[in-house]
Amino acid sequence: MEVLHFLFGIFGNLTALFLFLAPVVTFRRIIKKRSTEDFSGVPYTMTLLNCLLSAWYGLPFVSPNNILVSTVNGAGAAVEAIYVVIFLVFAPKKGKAKMMGLLALVLSIFSSVALVSLLALHGQRRKVFCGFAAAIFSICMYASPLSIMRLVIKTKSVEYMPFLLSLFVFLCGTSWFVYGLLGRDPFVAVPNGCGSLLGAMQLILYAIYRNKKGVPGDCGGAGDGNGTTSPPEMNGKPTKNAPRSHHPMAEMV
């Protein structure tokens, strides 16, 4: 059982690393053009918070036998931090101020969780407190594809939902779900079970709509009239009218 637990953790690390590195195409574009254009930096900042909280939860003095959770999310936090720095360098003044404020909020939340867990809580209470914090943000990140799935159904096109990304979301969520079950850790199993389910739903939608050309005249990047913006540019090929943001992809466990 312990061997299986370890193996699923290793596989989860590998699939999660693929997801962390998926936005590299976007940031190569930003660096090349020396501008963030219409890309949104919010997902990267929020994913940084998620990685920090999950990495903290996996530390031995918080949650024993979860070091693989810390390793992958520690790596993820480093990658997301690089993305945030690049975004800050090339963002316009207004966007830079917004990002700095959001980054300050993210660091404040993480610092508060870390300090409370260290100074006020011990043993199981510390694990539960940090586990809830990490799980809540993990579920939020895994839920982020819902807007893209809605657009796929509306336009009958998978242009904004690349197959490999959906596949690795499913594999990553499933790996960490099983890891959490084997380790009897609901704070790992529950959010990643949600991720596995949503990844499976994306793959089903892909199978249904992959050969369809979409609804004529419907621009996938436009707003839907209800305040919902279009999904992010995940394949490095934005359409003319599509807002350019990035899907956080459930980048952490």
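# Exercises on an all-helix model

The protein chain has an accessible surface of about 12300 Å², and 69% of it belongs to carbon and sulfur atoms. Accessible areas come from the Shrake-Rupley method with a 1.4 Å probe, and for residues only the protein chains shown count as cover. This is a predicted model, in which local features need pLDDT of at least 70 and side-chain atom pairs count only at pLDDT 80 or more, while totals for chains, interfaces and linings use all residues. Residues are numbered from 1 along each chain as its sequence is written, and side-chain values use heavy atoms, with hydrogens and water left out.

## Exercise 1: the overall build

Task: Find how many helices and strands the protein chain has, and what share of its residues is buried.

Solution. Step one is the secondary structure: there are nine helices and zero strands. Helices (H or I, at least four residues) and strands (E, at least two) are DSSP runs, numbered from the N terminus. Read from the N terminus, the order is α-α-α-α-α-α-α-α-α.

Step two is burial: of the 253 residues in the protein chain, 48% are buried. Buried means under 20% relative accessible area, exposed means over 50%, and partly exposed is in between (1.4 Å probe, protein chains only).

Step three is contacts, meaning heavy atoms within 4.5 Å. Among contacts with a separation of 6 or more, 77% join residues 24 or more positions apart.

## Exercise 2: the core

Task: Work out which residues touch the most other members of the largest nonpolar core, and which helix gives the largest share of this core.

Solution. Begin with the term: a nonpolar core is a set of buried Ala, Val, Leu, Ile, Met, Phe, Trp, Tyr and Cys residues joined through side-chain atoms within 4.5 Å. The largest one has 53 residues, and Phe27, Ile30, Tyr57, Phe87, Val152, Met161 and Trp176 touch the most other members. Helix 4 (residues 67-90) supplies the largest share of this core, with eleven residues.

Now take Phe87 as an example. Leaving aside neighbours within four places in sequence, Phe87 is in contact with Phe27, Ile30, Thr36, Phe39, Ser40, Gly41 and Met99.

## Exercise 3: two sides of helix 1

Task: Compare Leu17 and His5 in helix 1: is each one buried or partly exposed?

Solution. Start with Leu17, which is in helix 1 (residues 2-21). Leu17 counts as partly exposed because its relative accessibility is 35%. Together with Val3, Leu4, Phe6, Leu7, Ile10 and Leu14, Leu17 forms a nonpolar patch on the surface, with about 630 Å² of accessible area together. Patches are made of residues with over 30% relative accessible area and no salt bridge; like charges are joined within 9 Å, and nonpolar side chains (Val, Leu, Ile, Met, Phe, Trp, Tyr) within 5 Å.

Next comes His5, also placed in helix 1. His5 is buried because its relative accessible area is 15%. The His5 side chain reaches the backbone oxygen of Tyr179 at 3.3 Å. Not counting residues up to four places away in sequence, His5 touches Asn65, Tyr179, Leu182 and Gly183.

## Exercise 4: a salt-bridge network

Task: Trace which residues are joined into one network by salt bridges that share partners.

Solution. A salt bridge is a side-chain nitrogen of Lys or Arg within 4 Å of a carboxyl oxygen of Asp or Glu. The structure holds two salt bridges. One links the side chains of Arg29 and Glu37 at 2.8 Å, N to O. In the other, Lys33 pairs with Glu37, and the closest N and O atoms are 3.7 Å apart. Salt bridges that share partners therefore join Arg29, Lys33 and Glu37 into one network.

For exposure, Glu37 counts as partly exposed because its relative accessibility is 25%. Lys33 is also partly exposed, at 48%.

## Exercise 5: positive phi

Task: Say where Arg34 and Asn65 lie, and what their phi values are near.

Solution. First, some background: most residues other than glycine have a negative phi. Arg34 has a positive phi, near 55°, and lies in the loop between helix 2 (24-33) and helix 3 (42-57). Arg34 counts as exposed because its relative accessibility is 61%.

Asn65 also has a positive phi, near 65°, and its place is in the loop between helix 3 and helix 4. With a relative accessible area of 70%, Asn65 is exposed.

Definitions and conventions:
Polar contact = N/O pair within 3.5 Å; in protein donor to acceptor, adjacent residues only side chain to side chain.
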